[in-house]
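Reader: I have a model open and want to learn how to read it. Where should I begin?

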Amino acid sequence: MADLKKLAEEIVGLTLLEAQELKTILKDEYGIEPAAGGAVMVAGPAGGDDAAGGGEEQTEFDVILKAAGASKINVIKEVRAITGLGLKEAKELVEAGGKAVKEGVDKAEAEEIKGKLEAAGAEVELK
């Protein structure tokens, strides 16, 4: 019999892309369909049920800067580093609030940008 603990650890460690591929293999080769709630019938990765479920998966995200927070200068520096904008343009973007810092990026890049901006003190939203 297979080592189930090892198998469970491997499934939990899957990336979103790998979880989507696993879903496709289970469906096409073994006839296992996703459950109505979006979870795969077998144990899916923790927090990855959305990627393994049916329906459309969002692949492009917009990183929206909601507010600069207390450290506006640090946020402006991060926006400049991320976007390549000049000082004036980055400052205007940060001060305007509710504007997209980056549009149409993949989930990993969006999460990375969000982390950098939040570390600088900004309030960020992914759409």
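Author: We will go from the overall chain to two helices, the core and the salt bridges. Keep in mind that this is a predicted model.

Reader: Which helices and strands are there, and in what order do they run?

Author: The protein chain has six helices and three strands. From the N terminus on, the order is α-α-α-β-α-α-β-α-β.

Reader: What share of the residues is buried?

Author: Of the 127 residues in the protein chain, 24% are buried. The chain exposes about 8,300 Å². Carbon and sulfur atoms supply 51% of that area.

Reader: What share of the contacts joins residues 24 or more positions apart?

Author: Take the contacts with a separation of 6 or more. Residues 24 or more positions apart account for 63% of them.

Reader: Now a helix. How do I read its faces?

Author: Start with the general idea. An α-helix has 3.6 residues a turn, so residues three or four places apart point the same way. Now take α2, residues 16-30. Check its length before its faces. At 1.5 Å a residue, its 15 residues should span 21 Å. The end C-alpha atoms are 20 Å apart, which agrees.

Reader: Which residues of α2 are buried?

Author: Ala19, Lys23 and Leu26 are the buried residues of α2. They cover an arc of only 65° around the axis, which puts them on the same side of α2. Leu17, Asp28 and Glu29 are exposed on the other side.

Reader: What follows α2?

Author: Glycine 31 follows α2. Its phi is positive, near 70°.

Reader: Let me try α6. How far apart are its end C-alpha atoms?

Author: They are 18 Å apart. The 13 residues of α6 should span 18 Å at 1.5 Å a residue, so the two values agree. Next, find the buried residues. In α6 they are Ala110, Ile113 and Leu117. Seen down the axis, these fall within an arc of 65°, so they line one face of α6. The face turned away from that buried side carries the exposed residues Ala108 and Ala119.

Reader: What do the buried residues of α6 pack against?

Author: They pack against β1, α4, β2 and β3 (123-126). After α6 comes glycine 121, with a positive phi near 110°.

Reader: That leads to the core. How do I read it?

Author: The general idea comes before the case. In soluble globular proteins, nonpolar side chains tend to be buried together. Here the largest nonpolar core has 19 residues. Those with the most contacts inside it are Val63, Leu65, Val75, Val79, Val94 and Leu117. The elements that give two or more residues to this core are β1 (61-67), α4 (72-83), α5 (87-96), β2 (99-105) and α6 (107-119).

Reader: Which element gives the most to this core?

Author: That is α4, with four residues.

Reader: Pick one core residue. What does valine 79 touch?

Author: Leave out residues up to four places away in sequence. Valine 79 then touches Leu65, Gly84, Ala90, Leu93, Val94 and Leu117.

Reader: Now the charges. How many salt bridges are there?

Author: Again, the idea first. Side chains of opposite charge can pair when their charged atoms come close. A search of the whole structure finds seven salt bridges. One joins glutamate 95 to lysine 72. Their closest N and O atoms are 3.1 Å apart. Glutamate 95 lies in helix α5 and lysine 72 in helix α4, so the pair ties together parts 23 residues apart in sequence.

Reader: Are these two residues buried, exposed or in between?

Author: Both fall in between. Glutamate 95 is partly exposed, at 40% relative accessible area. Lysine 72 is also partly exposed, at 34%.

Reader: Which salt bridge lies within α6?

Author: Look at lysine 116 and glutamate 112, whose side chains meet at 3.4 Å, N to O. Both lie in helix α6, four residues apart, about one turn of the helix. Lysine 116 is partly exposed, at 38% relative accessibility. Glutamate 112 is partly exposed too, at 46%.

Reader: Which residues do shared partners join into one network?

Author: Salt bridges that share partners join Lys72, Lys91 and Glu95.

Reader: How far apart are the closest N and O atoms of lysine 102 and glutamate 109?

Author: They are 3.7 Å apart, and the two residues form a salt bridge. Lysine 102 is partly exposed, with a relative accessible area of 26%. For glutamate 109, also partly exposed, the value is 30%.

Conventions: Residues are numbered from 1 along each chain as its sequence is written. This is a predicted model: local features need pLDDT of at least 70, side-chain atom pairs count only at pLDDT 80 or more; totals for chains, interfaces and linings use all residues. Side-chain values use heavy atoms; hydrogens and water are left out. A nonpolar core is a set of buried Ala, Val, Leu, Ile, Met, Phe, Trp, Tyr and Cys residues joined through side-chain atoms within 4.5 Å. Buried means under 20% relative accessible area, exposed over 50%, partly exposed in between (1.4 Å probe, protein chains only). Contact means heavy atoms within 4.5 Å. The expected span of a helix is 1.5 Å times one less than its number of residues. The arc is that of the directions from the helix axis to the C-beta atoms. Accessible areas come from the Shrake-Rupley method with a 1.4 Å probe; for residues, only the protein chains shown count as cover. A salt bridge is a side-chain nitrogen of Lys or Arg within 4 Å of a carboxyl oxygen of Asp or Glu.
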